[in-house]
Every structure is written in C-alpha cells, then in structure tokens.
Amino acid sequence: MAIHLYLDAALTQQISEGDFSRPEAESYNGTDGDIKDRQLYVANEQTGLVSAIDAAQTSIALAEPRFADGELIIIDGEQMLVESGGGTANLTVQRGVANTVPAAHDVGTTIYSGYDYTGLVLDPIDETGTDEAVWYRLALTQAGLDTATQGAPLNLGDKAFPQTLSFWRRCTVLPGTPVQNKLDIKLRLTGTENPIL
Ligand SMILES: [Ca+2]
C-alpha cells in the first residue's frame, strides 16, 4: 500500500516497514516497570513539486524521491500515472489519467499517492522471541488508552488521500523484566486500497 506510519505530524519521520531499520522504539525501565504513550500518524505517501509545471509536460521534479512505477499520483485533482523514475525525485508521467483534466500546477503543491482507503485496521504483532504484543494498547485518543484492551486491534475506518489520521499507543513494560529498548512489536496496517473516483 502507498500508505505509511509516521512518528510526527509533519510526516518527516517514516517508520520502517517489514524490518526494524527505523523502528518505533523507546527505552523502558523494566526493573521497576514502565509505561509510555506515543501519538503516531497514518498518511499517504506524499511530497512537494520542486518547480511549477504546465498542463502538458510529462517530466516532473519532486522534493523527495517517492512513488513507484505504475502508481497513480494526484496533484490538485489531476491524476497522473508514473511511467518511469519511480523511487527517484524525477518522474516521467502520463498526464490527466482516470478522466481527470491536465492542468498547470504551482511549485510546492503537494503530490499524493492517488488512493483512498477503507476499513483500515491496526494490529500489534510480535514475531520476535516471546510474543509481547499484549504490552501494547491502541486507541484514537490518549484518554482512550485507559480503557483499550491489551493487544487488541484498532479500527481506523476510512481515509481519503489527503487526510492524515492519528492514533495513540501505550506500551506497558512489567516490573522484573530487563531494561530494554523495546522495538520488536510491529503495528500491522491492513485495509482496502481504492482508486480515487
Ligand atoms: Ca518479542
């Protein structure tokens, strides 16, 4: 999916996917036990346009290397198909796809992965050593953590492409465990990816 988890509302710190190269990790005092809450964010892949484009040009420059060949992207309501250059900051695109109209776009305008999502669900999973997924609670608000069930999935619902969703996680480390940098619990995000109509 062209949707990611981030540590910050500005979406500059993307959490790694499938491995722990950039984990959502914190250090805990396991001797006395420790509880830490953190707000996290869910957003479509996105970046800005480095220079203005007219309604016809098929080469576009991105502020950050993003997107993949064959992916739909959207800027101001015009959808484009990435033909080549995916994963780099310079894309070759097909303009005005999916019955949208090619138009000029200003420098700095945000370009999103061109998909909406329905039925998004987050699920804490732990496949490393002992299963400690029950150490995590998830909720839409920090107050909601108090009544959230340990290890239970969280329903995030639907998300349109420009929306950023947020949620909270609480990690409860029991007393009498080693002091640790807790990073082996993954947050699995599932849902249905839909074209923008
Ligand atoms: Ca574990």
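In the protein chain, residues 24 or more positions apart account for 69% of the contacts with a separation of 6 or more. The model behind this figure is predicted. The secondary structure comes to zero helices and 15 strands. The C-alpha atoms fill a box of roughly 65 × 25 × 25 Å along the principal axes. Of the 197 residues in the chain, 43% are buried.

## Two domains

The chain is divided into two domains. Domain 1 takes in residues 3-44 + 115-195. Domain 2 covers residues 50-108. The C-alpha centres of domain 1 and domain 2 lie 31 Å apart.

## The six-stranded sheet

One open sheet has six strands with antiparallel pairing. Their order is β4-β9-β6-β7-β8-β5. Which strands stand at the edges? They are β4 (46-48) and β5 (59-61), and each pairs on one side only. Neighbouring strands of this sheet are turned by 40° against each other on average, direction ignored.

Now look at some of the pairs in this sheet. The table gives the bridges for each pair and one residue with its partner.

| Strand pair | Bridges | Residues facing each other |
|---|---|---|
| β6 (residues 72-75) and β7 (residues 78-84) | four, antiparallel | I75 in β6 and E78 in β7 |
| β7 and β8 | four, antiparallel | V82 and V93 in β8 |
| β5 and β8 (residues 90-97) | three, antiparallel | S59 and T92 in β8 |

Strands β7 and β8 form a hairpin. Five residues lie between them. In the turn, G85 has a positive phi of about 90°.

Strand β9 (residues 110-113) holds S113. Is S113 buried or exposed? S113 counts as buried because its relative accessibility is 0%, and the cut-off for buried is under 20%. Beyond its neighbours within four places in sequence, S113 is in contact with A2, N44, E45, F67, E71, L72, I73, I74 and F161. How far is S113 from D8? The two are 105 residues apart in sequence. In space they are 19 Å apart, C-alpha to C-alpha.

## The three-stranded sheet

A further open sheet has three strands in the order β12-β10-β15. The pairing is antiparallel here too. Strands β12 (154-159) and β15 stand at the edges. Each has a single partner strand, so one side of each is left without a neighbour in the sheet. The twist averages 15° from one strand to the next.

Strands β10 and β15 pair over nine bridges, in the antiparallel sense. One of the residues involved is V121, whose bridge partner in β15 is T190.

In a regular strand the side chains alternate between the two faces of the sheet. That is a useful rule to keep in mind when you turn the structure on the screen.

## A buried threonine

T172 sits in strand β13 (residues 164-173). Its relative accessibility is 16%, so T172 counts as buried. What does T172 touch, apart from its neighbours within four places in sequence? It is in contact with D34, I35, W135 and R137.

## The calcium site

Which residues coordinate the calcium ion? The donors are D126 (OD), D126 (OD), T128 (O), T130 (O), E132 (OE) and D184 (OD). They lie at 2.2 to 2.7 Å. Note that D126 appears twice in this list, with OD each time. Along the chain, the donors follow the spacing D-x1-T-x1-T-x1-E-x51-D.

Two of these residues show how the site links up the chain. T130 lies in the loop between β10 (115-125) and β11 (136-139). D184 lies in the loop between β14 (180-182) and β15 (186-195). The pair therefore ties together parts that are 54 residues apart in sequence.

T130 and D184 also differ in burial. T130 is exposed, because its relative accessible area is 55%. D184 counts as buried, because its relative accessibility is 12%.

Why is the arrangement around the calcium ion irregular? The six donor atoms subtend angles of 51 to 172°, which makes the arrangement irregular. Ideal angles at a metal are 90 or 180 degrees for six octahedral donors.

Note on methods:
Residues are numbered from 1 along each chain as its sequence is written. This is a predicted model: local features need pLDDT of at least 70, side-chain atom pairs count only at pLDDT 80 or more; totals for chains, interfaces and linings use all residues. Side-chain values use heavy atoms; hydrogens and water are left out. Helices (H or I, at least four residues) and strands (E, at least two) are DSSP runs, numbered from the N terminus. Buried means under 20% relative accessible area, exposed over 50%, partly exposed in between (1.4 Å probe, protein chains only). Contact means heavy atoms within 4.5 Å. Domain bounds come from an automatic or database domain assignment. Two strands pair if DSSP finds at least two bridges between them. Axes are lines fitted to C-alpha atoms, for helices over the stretch in contact, and angles run from 0 to 180 degrees between N-to-C directions. Donors are N, O and S atoms within 2.8 Å of the metal (3.2 Å for Na, K and Ca); water is not among the atoms, so sites may look incomplete. Four donors count as tetrahedral if all angles lie between 85 and 135 degrees; four count as square planar and six as octahedral if opposite donors are over 155 degrees apart and all others between 65 and 115; anything else is irregular.
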